[in-house]
Structure formats: structure tokens, C-alpha cells
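Please read the model below from the overall fold inward. The account goes from totals for the chain to single helices, and then to rings and selected residues.

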Amino acid sequence: MTIASPIVICHSSFSPLLFFPMPQHKQGVILASIALLLWSTSSATTVFTGDRIGGWQFLAIATFIAGILQVAACSLHLKMPLKNIFAPPPKLLILILFTFTLYMLVYTNGLVLAAKSQKVGVNLLNFLWPTLTVVFAAVLVPGSKMSKRLILALIVAFAGVLLANFQGLHELFTDTNSDNKHLSLLPYLFGLMAGITWGAYSAFLARWKDWAGQYATSPLGFLLTSAIAFAICLSTGTWNHMDTISWIGVLYMAVGPQAAAYLLWELALNRAPARTLGLLASGNTVASTAWIFAITPFLQGGSSHPNYLHTALAAILITVAIILGRE
């Protein structure tokens, strides 16, 4: 099966202004390409800005702005009632809280807590979600089932993440300083939780697609994430000064990869076949890895770097797994 969308915002005939008339299919491909380009930079933006101000503060501000922008987009432009944004059915609310919100919390902090040599590997653990989505859907979605090709995709995906994290795991288990092992293991656990929670979220939305499309999930998910992150910042008394670069990073994340990209992707799905867009999306694993490679020399916290050959091959393996998992 093909998962139509990693997130539900709303379905509408609303169309962004385009300067030149073009077929709906081409519009969809362009909108999806912009969304994917924005998403490919989200990990690098999280790593770079989160390292400067902390993961909780980064989440608190960015997701609050993204949530407000998406509420405005859904209510003003897409004419969705506020009730459909802030008062979803109980089971959809539970899904948002324990998958969307949890995903945001563990993925962001997994990347921020990771050592420099671990960041790419932790990011690639997150990219288990497309393959896990299809696996979970085989159990949850009527008409879907496991296949030999899907089992092969899962094996290839896990081989990719093990290859990506070989260096970091080797350092973890050969480090004689046991005091650091708990903190060093957390990023891997968070990265794996991110892949599982987003895969489960996507599969449940596919199961409930007949009615879930009537509600907006991302605005409330962003605002719940922001509330939790702000509460943690207040309870721990951690709030760091933000310079111009930090504000640029937070605002870019909120407006681009969070608020705009999800909306553009949903609009693209109304114009182009999901299979076409899914094939485009499979390249995001490599693109996201490349962006983290690009910012690695500018990160603080030691001189350890990832094994570029291992992680590049791992990103390719996970991309192959995503393609194999599609039917």
C-alpha cells in the first residue's frame, strides 16, 4: 500500500496562486518538491539551532509559532471550523498526543543530545518510519498484509541503521568512562522511538482516513508539543539567551519545515498521484543526511565526525528499503 500522507491537515479546493497556468499533476509535483526540500533541512536546522539554545527551548518556540500559523491557515484560508482543530474525537486526540507530540519531543532531543559522531546515525534511525508505517499498516489497515518484499525492506532498513550507527555504538561500548554511557545511549533510544511513533501515527491515520481527514492534526500537535516544552523549560529554569543566528534558525524551522511544508504536501496530494510523490519523498533520507554532513564542521562539542562512507551507504540502503516497501 502507499501511505497517502504522513500527516493530516485538511482537504480543500484551496489553491495557491501560481504565476503560470499548468496541469494539476505538475502543480502537485512542484508543491511536493518544495515541501520535501524544506523537510530535508529540518534535521540539520534542529541540530544546529538546538545545540545553541537547547532542545526544549527550540521546540517550545518553533512549535508554538508553527501551530499558530497552521491554525490561521486552516481556519482562514481553508475554512476549517476551530472545533475540527482544537476538539478532535478522543481517539484522534490520544493519537496526536502519544504519537505526533511524542515524536516531536524524542526526535528533537535525540538529535540535540547526540554526540557529533552520533547525529547522522540518530537521524537515520528516524527514517525507519516509512518502512515501519507499511509494516504497522499491514496489521492495522484492512486490505493490507505483509509480503516477502516488505520483510526484505525491513531487513534492508535495519541493516542501514546498524551501518550508520556502527561507529557510535563502537565508541559507546568501548568507552571506559561508564558515567557517560547512559547519556550516550539516550539519543539512539530517542531516534528509534521517533521512527516507531511516526510510523504508528501514519498507519493509524491510514486506517482512519475515512473520517480523520475532516480534522486538523498538526496544529494541535504543534501546540501540545510547545506547551510541554515550555513547561519543562519553566520547571527546570533553563532558558538561554538567543542571538540573531538562533532566532533565524527557530523562525526558519517554524515557518518552513513545520508550518509550510506540511500544508504544501497536503495540497500536493490533492493534485498529483500519491505514488509519484512517495517516490520523490524516498530521496529525503539521502538529502537530510547530506544537510547534516554540511553543518557538522560548525558544531560544538569535540572533533569526532561520522564515518562519511558508512553513513552515505546507510542512507542509500534506507532509501532502497523505502522504495521496496511501496506497492
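What follows describes a predicted model, starting with the chain as a whole.

The chain contains 16 helices and zero strands. It has 327 residues, and 53% of them count as buried. Among contacts with a separation of 6 or more, 87% are between residues 24 or more positions apart. The chain exposes about 14,600 Å², and carbon and sulfur atoms supply 72% of that area. A search for disulfides gives a count of zero. Two cysteines can still be placed by their accessibility. Cys-74 has a relative accessible area of 1%, which is under 20%, so Cys-74 is buried. Cys-233 is buried as well, because its relative accessible area of 5% is also under 20%.

Cys-233 leads to helix H12, since it is one of the buried residues of that helix. H12 runs over residues 218-236 and has 19 residues. From its first C-alpha to its last, H12 reaches 27 Å, close to the 27 Å expected at 1.5 Å a residue. The buried residues of H12 include a run from Ser-218 through Pro-219, Leu-220, Gly-221 and Phe-222 to Leu-223. Thr-225, Ser-226 and Ala-229 are also among them. What covers these buried residues includes helix H3 (55-77), helix H4 (83-86), helix H5 (90-113) and H13. H12 is followed by Gly-237, whose phi is positive, near 70 degrees.

H13, part of that cover, covers residues 244-269. How does the end-to-end distance of H13 agree with its length of 26 residues? At 1.5 Å a residue the helix should span 38 Å, and its end C-alpha atoms are 36 Å apart, which agrees. H13 nevertheless has a kink of about 40 degrees, centred on Ala-260.

The aromatic side chains come next. A search of the whole structure finds 13 aromatic pairs. One of them joins Trp-198 and Tyr-201, with 4.9 Å centre to centre and 40 degrees between the planes, and it is tilted. The label follows from the angle, because planes under 30 degrees apart count as stacked and those over 60 as edge-to-face, with the rest tilted. Both residues lie in helix H10 (residues 181-207), three residues apart, about one turn of the helix. An α-helix has 3.6 residues a turn, so residues three or four places apart point the same way. Are the two residues of this pair, Trp-198 and Tyr-201, buried or exposed? Trp-198 has 4% relative accessibility and therefore counts as buried. Tyr-201, at 0%, counts as buried too.

Phe-204 and Trp-208 form another tilted pair, at 5.2 Å centre to centre and with 45 degrees between the planes. Phe-204 has 25% relative accessibility, and therefore counts as partly exposed. Its partner Trp-208 is buried, with a relative accessible area of 12%.

Trp-198 and Tyr-201 also belong to one aromatic cluster, which is formed by these two with Trp-39, Phe-100, Tyr-103, Tyr-107, Phe-222, Tyr-262 and Trp-265. Phe-222 is one of the buried residues of H12, so this residue ties the cluster to the helix described above.

Trp-39, a member of that cluster, is also touched by Asn-284. Asn-284 is in helix H15 (residues 284-295). At 10% relative accessibility Asn-284 counts as buried. Besides Trp-39, Asn-284 touches Leu-36, Ser-40 and Phe-127, not counting residues up to four places away in sequence.

Two further residues concern the part of the chain just before H12. Ala-212 is in helix H11 and, at 1% relative accessibility, counts as buried. The C-alpha atoms of Ala-212 and Pro-89 are separated by 9.2 Å, although the two are 123 residues apart along the chain. Gln-214 lies in the loop between helix H11 (209-212) and H12. Gln-214 has 44% relative accessibility, and so counts as partly exposed. Not counting residues up to four places away in sequence, Gln-214 touches Met-80 and Asn-84. Gln-214 and Asn-84 are 130 residues apart in sequence and 7.1 Å apart in space, C-alpha to C-alpha.

Definitions and conventions. Residues numbered from 1 in each chain as written. Predicted model: local features only at pLDDT ≥ 70, side-chain atom pairs only at ≥ 80, totals over all residues. Heavy atoms only, no water. Phe/Tyr/Trp six-rings, centres within 6.5 Å; stacked < 30°, edge-to-face > 60°. Helix = DSSP H or I, 4+ residues; strand = E, 2+ residues; numbered from the N terminus. Buried < 20%, exposed > 50% of the residue type's maximum accessible area, 1.4 Å probe, protein only. Expected span 1.5 Å × (residues − 1). Bend = angle between axes of the 7 residues up to and from the residue. Contact = heavy atoms within 4.5 Å. Areas by Shrake-Rupley, 256 points an atom, 1.4 Å probe, with all protein chains shown as cover. Disulfide = S-S within 2.5 Å.
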